[in-house]
Amino acid sequence: MSAPGGRVVAVSGAAIGFGRAIAERFVASGDRVFGCDIRAEALAELGRATAISTQVADLTDRAAGAAWIAAVEQQAGQAVDVLVNNAGGVAGQSFQPIEAVTDAAWDQVVAVNLGAAMALSRAVAPAMKAAGRGAVVNIASGAALRASLTGVQAYCAAKHALVGLTRQLAHELGPFGIRVNAVAPGFVRTNQSTEAQWAAFTPERQRALLEGIALRRFGTPQDIANAVFFLASDEASFISGEILSVNGGH
Ligand SMILES: NC(=O)c1ccc[n+]([C@@H]2O[C@H](COP(=O)([O-])OP(=O)(O)OC[C@H]3O[C@@H](n4cnc5c(N)ncnc54)[C@H](O)[C@@H]3O)[C@@H](O)[C@H]2O)c1
């Protein structure tokens, strides 16, 4: 692995929330960071405010994901050192009884949380293998390990599957010097979607949620970014196939 300051880092879903905090964390250590997102406006603002190279891409289109990685490799003139598969979420959906879930709704959530991580990992693998090094960090969720607070079935299923992809790719790519890990964040109030979710909880549920956290506070995007930064670093050079919960203790 290259040392901090010299790495080429690709972060999906970099426009807001965790993705932005993760991208900024790597920039702060002098790495060369590339971010993509479907949100053109927020991404343009990120590009203006930071040294992050941005590209608009809808990652439910796997070819668009592959094209983004090809562009990053071309611009950087080398393999991606660190890929962070952060794009995800519930795509504006909220709980529906399973009998009301449409194919389109299911497919969209699976495509962004699982398909995009597969497509981007597939795209970075050849150059990482040739370089003999690399790190992939997938952003899973507490919903990758138990039922989701959102109630969105596709989200819970896709995040569970992302854990499987993490473990499988760790074994496939380990012999080439490439580590694959995941961070499983607890509930963090990052955006409109999590604010709406929070507002929909009764005061009792809100209190129970907080009291269920050992450290008695909600996490921040920086808490998640720090864990990703660690897993991508040489400090974690013998860690692969792991799922690191970052949730204040459950
Ligand atoms: N916030 C939380 O409480 C929480 C908890 C656990 C896991 N997560 C996961 O962390 C990641 C980041 O979550 P967040 O809360 O910061 O924001 P988020 O879930 O709203 O979205 C993540 C980013 O992905 C982008 N994105 C969505 N669909 C896309 C697409 N088709 N193509 C390209 N980009 C797309 C969004 O624009 C956004 O910038 C997600 O994978 C989410 O599932 C969040």
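Leaving aside residues up to four places away in sequence, V72 touches V8, F34 and V80. This comes from a predicted model, and V72 makes a handy starting point. The residue sits in helix 3, which runs over residues 62-76. V8 is a partner from well back in the sequence: 64 residues separate V72 and V8 along the chain, yet their C-alpha atoms are 8.6 Å apart. As for solvent, V72 has a relative accessibility of 1%, so it counts as buried, the cut-off for that label being under 20%.

Turning to the ligand, 29 residues make up its surroundings, and D37, R39, N86, V188 and T190 come nearest. Sorted by class, this shell holds 13 nonpolar residues, twelve polar ones and four charged ones. Several helices chip in, too: at least two shell residues each are supplied by helix 1 (17-28), helix 4 (103-131) and helix 5 (153-173).

Polar contacts to the ligand involve both side-chain and backbone atoms. On the side-chain side, D37 places a polar atom 2.6 Å from a ligand oxygen. The backbone of V188 does something similar, with an N or O atom lying 2.7 Å from an oxygen atom of the ligand. L59 also joins in through its backbone, where a polar atom is 2.9 Å from a nitrogen atom of the ligand. Taken on its own, the ligand has 800 Å² of accessible area, and the protein covers 91% of that.

Definitions and conventions
Residues are numbered from 1 along each chain as its sequence is written. This is a predicted model: local features need pLDDT of at least 70, side-chain atom pairs count only at pLDDT 80 or more; totals for chains, interfaces and linings use all residues. Side-chain values use heavy atoms; hydrogens and water are left out. A residue is near a molecule or strand if one of its heavy atoms lies within 4 Å of it. A polar contact is a pair of N or O atoms within 3.5 Å; within protein, one must be able to donate a hydrogen and the other to accept it, and residues adjacent in sequence count only if both atoms are side-chain atoms. Accessible areas come from the Shrake-Rupley method with a 1.4 Å probe; for residues, only the protein chains shown count as cover. Helices (H or I, at least four residues) and strands (E, at least two) are DSSP runs, numbered from the N terminus. Ala, Val, Leu, Ile, Met, Phe, Trp, Tyr, Cys and Pro count as nonpolar, Asp, Glu, Lys and Arg as charged, and the others, Gly among them, as polar. Buried means under 20% relative accessible area, exposed over 50%, partly exposed in between (1.4 Å probe, protein chains only). Contact means heavy atoms within 4.5 Å.
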